[in-house]
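Subject: A structure for you to look at

Hi there,

Here is the structure I promised to pass on to you. Please open it and turn it around a little before you read my notes.

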Amino acid sequence: MRPVFIVLIGLLGILYSCKQPYEPPAVKANYNFLVVDGTINASPDSRTQILLSRTRNLTDTFVASPELNAQVRIEGKGGGVYNLAPAGNGAYSIEHLTLNPDDQYRLRITTADGTRYASQYVAVKKTPPIDSLTWEQNKDVEIFVNTHDPENKARYYKWDFEETYEYNATEKTILGEKDGLIFIRDTSNQIYTCWKTNFSTDLNLGSSINLSQDVINHARVHIIPDNSEKIGIRYSILVKQYALTEDAFRYFQILQKNTQQLGSIFDAQPSQLKSNIINESNTSEPVIGFVHAAFLQTKRLFITKYEVTNWIPVPEELFCRIETIPQDPDNFLIYKFQDTSFRPWYFVTGGIILNKGRCLDCTMKGGVNQKPAYW
């Protein structure tokens, strides 16, 4: 079977002659393999979400290829079926899943064209609590996790996170516009202060297998670059911890090397990934992903701008340009400016001052204007 990452090898063979560029077969080949990402979350107060997508070819120009209209369910070896609902953009989820820690579970997927995929049955791993989250500043801010299992059974760990930060628009306005009329905003629809949430994209792994005790100390899970806008006001990170089986850990370790540590030909080269998911009618078809089940443990940390030193936040560079238009003599709330990139900023005698929307509206940078419940 060809390695899943054979597409990467094609990059080394693209040589140009004086007449015609060479395009190796690996570049032209139509690799469209299923990618399965997610954890069967056994914690009853949490969500299980599985992301389905397809691999891309080197010549593809689109960013992602989500697998839509699939049927996804979790099956217990001892009985029980749990159907995941489509959540959009290739995501399938179920809330408050209660699993038997003594049973084994698998993921079964039927794609829109009727192709059936199934994972191996996997045991539910017990995850110890996170002892603490700490951070250090050496220009960048680094965030670390500490944990231990007194039963010495976890040994292999994986961490994801959600980070949320508060930020402000460049300028403040109390004016809004809808259907050609200006209105006055209140605290329920203000657009000056927003909160933006990002999700981890890198793989964070750790193991205590070489230690006499199952202790993870000072494992780095995230870096916030020096002077990032993320700590311009207040920053929060929610770290999610899963215990892994040895097989799952080895899989993610190889994936980590293949995707995050390839910088030159002298670095470790792509390795074969061995998934525990198969196409039931074509077992030779590669599938990207490794299904595992575990109880989730979480812990949240806050950092404010007053806790970091010499931190001068550098927000996204915006081009703010001011325009002035006259007020309608019959109704000063009428707004008729044709350039939709501008928004009303404030009133002056006989006129309305405008500014670029991205300078006035914090939601245009991807955040939301409602404070999170945990803030």
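Below I go through what was found, starting with the whole chain and then moving to its parts.

Please keep in mind that this is a predicted model. The protein chain holds four helices and 24 strands. Of its 375 residues, 45% count as buried. If you take the contacts in the chain with a separation of 6 or more, residues 24 or more positions apart account for 69% of them.

Let's begin with the sheets. Strands of a sheet pair through backbone hydrogen bonds, and they can do so either parallel or antiparallel. One open sheet has three strands in the order 10-11-17, with antiparallel pairing. Its edges are strand 10 (130-138) and strand 17, and each has a single partner strand, so one side of each is left without a neighbour in the sheet. From one strand to the next, the twist averages 25°. Strand 11 and strand 17 run antiparallel and are joined by seven bridges. If you would like one pair to look for, find I143: its bridge partner in strand 17 is H222.

A second example is an open sheet of three strands in the order 22-24-23, where the pairing is antiparallel. Here strand 22 (323-326) and strand 23 (342-348) are the edge strands, each pairing on one side only. Neighbouring strands of this sheet are turned by 35° against each other on average, direction ignored. Six bridges link strand 23 to strand 24 (residues 351-356) in the antiparallel sense. Along this pairing, V348 stands opposite G351 in strand 24.

Now to helix 3, which covers residues 246-260. How far apart are its end C-alpha atoms? They are 20 Å apart, and this agrees with the 21 Å that 15 residues should span at 1.5 Å a residue. An α-helix has 3.6 residues a turn, so residues three or four places apart point the same way. With that in mind, look at the buried residues of helix 3: A248, F249, Y251, F252, L255, Q256 and N258. These buried residues pack against strand 12 (156-168) and strand 16 (204-207).

Both of those strands turn up again in a pocket. Rolling a probe the size of a water molecule over the atoms shows where empty space is left. The second largest pocket contains about 280 Å³ of space. It is lined by 15 residues, and the closest to its centre are D202, N204, R220, V221 and H222. Strand 12, strand 16 and strand 17 (215-224) each supply at least two residues of the lining. Which strand gives the largest share of this lining? Strand 17 does, with five residues. You have already met H222, the bridge partner of I143, and here H222 is among the residues closest to the pocket centre.

Finally, two residues with a backbone angle to check. N152 has a positive phi of about 55° although it is not a glycine. N152 lies in the loop between strand 11 (140-148) and strand 12, and it counts as partly exposed because its relative accessibility is 30%. H218 is not a glycine either, yet its phi is positive, at about 65°. H218 is found in strand 17, and at 36% relative accessibility it also counts as partly exposed.

Enjoy exploring, and write back with any questions.

Best wishes

Terms used:
Residues are numbered from 1 along each chain as its sequence is written. This is a predicted model: local features need pLDDT of at least 70, side-chain atom pairs count only at pLDDT 80 or more; totals for chains, interfaces and linings use all residues. Side-chain values use heavy atoms; hydrogens and water are left out. Two strands pair if DSSP finds at least two bridges between them. Axes are lines fitted to C-alpha atoms, for helices over the stretch in contact, and angles run from 0 to 180 degrees between N-to-C directions. The expected span of a helix is 1.5 Å times one less than its number of residues. Buried means under 20% relative accessible area, exposed over 50%, partly exposed in between (1.4 Å probe, protein chains only). Contact means heavy atoms within 4.5 Å. On a 1 Å grid over the protein atoms alone, a cavity is a set of points where a 1.4 Å probe fits but cannot get out, and a pocket is an open set with protein on both sides within 12 Å along at least five of seven lines; lining residues have an atom within 4 Å of a point. Grid points are joined across faces, edges and corners, and a volume is the space filled by probe spheres set on the points.
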